[in-house]
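User: I'm new to this structure and would like a close look at one part of it, the sheet. Could you walk me through the strands, then what sits around them?

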Amino acid sequence: MDRAHNIGGFMGLVASVKRAATRAVVNQLLGMADSSDKTLLRMIAAIKSVSPLEWYDKGLAAMEDYVRQGHPGVEAVRRTVRAMSPATRRKFVENFIMNVFIEGNHRRYAFWEREGFGPPTTLLISPTTVCNLKCYGCYAEGHDVHSTLSFEAMDKLVGEAKEVGCPLVHFVGGEPFLVKHLWDLFEKHQDVFFNVFTNATQLGDAEIDRLAKMGHVALSVSVEGLQMHTDERRGRGIYALATDVMKKLADKGVLVAFSATYSKANIDVVGSPEFIDAMIDIGCVFGWYFPLMPVGSCAVPQLMPTPFQKLMFKDRLAELRATKPLLFFDFGHDEWIAGGCLAGRKMLHVNSQGGVEPCMFTQYAVDNIHGKSFTEVLRSKFLGKVRDDERIRANPKKTCLVTDVPEVFRDIVKTEGAKDQSGDTFMTTMAPVVDAYAREDKALHESEKK
């Protein structure tokens, strides 16, 4: 027993030393990010030498090309590093780089060896569907507005997700900061990297100071473009309030992103250089783009961008990437980077009732976190079919379950007896709408190939 104990202690010491050495290297490399292009290339080469996955290597190779080309994305990374407070930088290294990408990868691989499939990298949680704003077309409309996840339920969920290599948690909603015990969750899980999608109305100076001291909580603030479009959908004065909070957060060294839903009503403004310049001036280091989806009980499919508008928007965002020092991800087009739609595979959504959905737009569930462990939920046949169905994975660039292959998702929902979580009409009156949209989109892309 003593010998086994000594061996175990020695191995633990080795692991601890290795972790400390890796952390020191990552810190050093991050410090070099604001250096010359030549130094950056040496940094990337060093990371490639220890890269654990092939797709990491592809990303690093793309970064090398960006540096050599003088791409604005390089300055975007430098802006991000400069924006971090010491507390944010420390937690970014420890929680995001170490726990998500390095140690998290090892845990996810171990899970894959045990279970035969990989767990998600990202967990989305809607702690509540209660919201103080009423935005038309909100995907969350229709969920039980009285349901809120308890601290105990979220604490258990986050703890179990960490164990299988998923220490990256996004809070959506509803308005997450209406749930006061969310702060207790942040305090307890100091080793998780959190991001909160928020309307920013619940954040005063005291809350901003608290976030700045924590360092491991990023904020993604919802806007609909500039003042006119944001106030038109979200309410008068919301743009001024949201951008004021964003500036204060950025000044304190908290990582801040914008989150924009694009529709026929605002697609021109959110894809404009003026919008990106405004977000940069405010202090954003990242951005999220979401196409308006025809889900929820108050869906407005007539405002969905047409397939042609989406295609033009893709080109517009490519121009912005080539000219503006801001990083952003478009859920309408960029998921191919991770091999296609993230739903049920790289990402899961737990709604405010505990129902486990492939993503926040696919509002059907078989399993619930109340009474099941996270691993038991992941073994669900429903989620397995979403992960593995060849009809979904046939074209990594066109795999959205709602707008690209709605007939496939309806088939899986029926076969597995998944229950509607939001009162939406995806299976009934909305079916002809999404089917027609998918046909139009497919025809457009086939004509583009000719």
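Analyst: Let's start with a strand pair: β8 (residues 347-350) and β9 run antiparallel to each other, joined over 2 bridges. Within that pairing, H349 stands opposite E357 of β9. Keep in mind that this is a predicted model.

Now zoom out. β8 and β9 belong to an open sheet of 9 strands, in the order β7-β6-β5-β4-β3-β2-β1-β8-β9, with mixed pairing. The edges are β7 (327-330) and β9 (356-357), each of which pairs on one side only. In general, strands of a sheet pair through backbone hydrogen bonds, either parallel or antiparallel.

The parallel sense shows up around β2. Strand β1 (residues 122-125) pairs with β2 in parallel over 4 bridges, and L123 stands opposite V169 there. On to the next neighbour: β2 is also joined by 4 bridges to strand β3 (residues 193-198), and these two run parallel. Here H170 has N195 of β3 as its bridge partner.

What do the side chains of β2 do? From this strand (residues 168-171), L168 and H170 point one way, V169 and F171 point the other way, and all of them are buried.

Next, the aromatic rings. One aromatic cluster is made of Y139, F197, F286, W288, F290, F329, F331 and F361. Across the structure, the count comes to 29 aromatic pairs. One of them is F290 with F361, an edge-to-face pair with 6.4 Å from centre to centre and 70° between the planes. This pair links distant parts of the chain: F290 sits in strand β6 (residues 286-291), while F361 is in the loop between β9 and β10 (364-365), 71 residues apart. Are these two buried or exposed? F290 has 7% relative accessibility, so it counts as buried. F361 comes in at 13%, so it counts as buried too.

F329 and F331 make another edge-to-face pair, 4.9 Å centre to centre and again with 70° between the planes. F329 counts as buried because its relative accessibility is 18%, and the cut-off for buried is under 20%. F331, at 17%, is buried by that rule as well.

Now for the empty space. Rolling a probe the size of a water molecule over the atoms shows where empty space is left. The structure holds 2 cavities of 30 Å³ or more. The largest cavity has about 600 Å³ of space. Its lining counts 31 residues, and C138, Y139, G173, S222 and R234 lie nearest its centre. You met Y139 a moment ago as a member of the aromatic cluster. Several elements from the sheet take part here: β3, β5 (256-262) and β6, along with α9 (227-234), each supply at least two residues of this lining. By type, the lining of the largest cavity divides into 15 nonpolar, 11 polar and 5 charged residues.

The second largest cavity has a volume of about 290 Å³. It is lined by 27 residues, and the closest to its centre are F331, G332, E335, C341 and C400. F331 is the ring that pairs with F329. This lining holds 15 nonpolar, 6 polar and 6 charged residues.

One more space is worth a look, this time a pocket. The second largest pocket has about 630 Å³ of space. Of the 27 residues in its lining, N395, K398, D441, K442 and H445 are the closest to its centre. Helices come into play here: α13, α16 (390-393), α17 (406-416) and α18 (431-449) each supply at least two lining residues. α18 gives the most, with 9 residues. What kinds of residue make up this lining? They divide into 9 nonpolar, 4 polar and 14 charged.

Let's finish on α13, one of the helices that line that pocket. Helix α13 covers residues 307-323, and at 1.5 Å a residue its 17 residues should span 24 Å; the end C-alpha atoms are 25 Å apart, which agrees. Buried residues in α13 are P307, K310, L311, F313, L317 and L320. As a rule, an α-helix has 3.6 residues a turn, so residues three or four places apart point the same way.

Definitions and conventions:
Residues are numbered from 1 along each chain as its sequence is written. This is a predicted model: local features need pLDDT of at least 70, side-chain atom pairs count only at pLDDT 80 or more; totals for chains, interfaces and linings use all residues. Side-chain values use heavy atoms; hydrogens and water are left out. The expected span of a helix is 1.5 Å times one less than its number of residues. Buried means under 20% relative accessible area, exposed over 50%, partly exposed in between (1.4 Å probe, protein chains only). On a 1 Å grid over the protein atoms alone, a cavity is a set of points where a 1.4 Å probe fits but cannot get out, and a pocket is an open set with protein on both sides within 12 Å along at least five of seven lines; lining residues have an atom within 4 Å of a point. Grid points are joined across faces, edges and corners, and a volume is the space filled by probe spheres set on the points. Ala, Val, Leu, Ile, Met, Phe, Trp, Tyr, Cys and Pro count as nonpolar, Asp, Glu, Lys and Arg as charged, and the others, Gly among them, as polar. Two strands pair if DSSP finds at least two bridges between them. Rings of Phe, Tyr and Trp (its six-membered ring) pair if their centres lie within 6.5 Å; planes under 30 degrees apart count as stacked, over 60 as edge-to-face and the rest as tilted.
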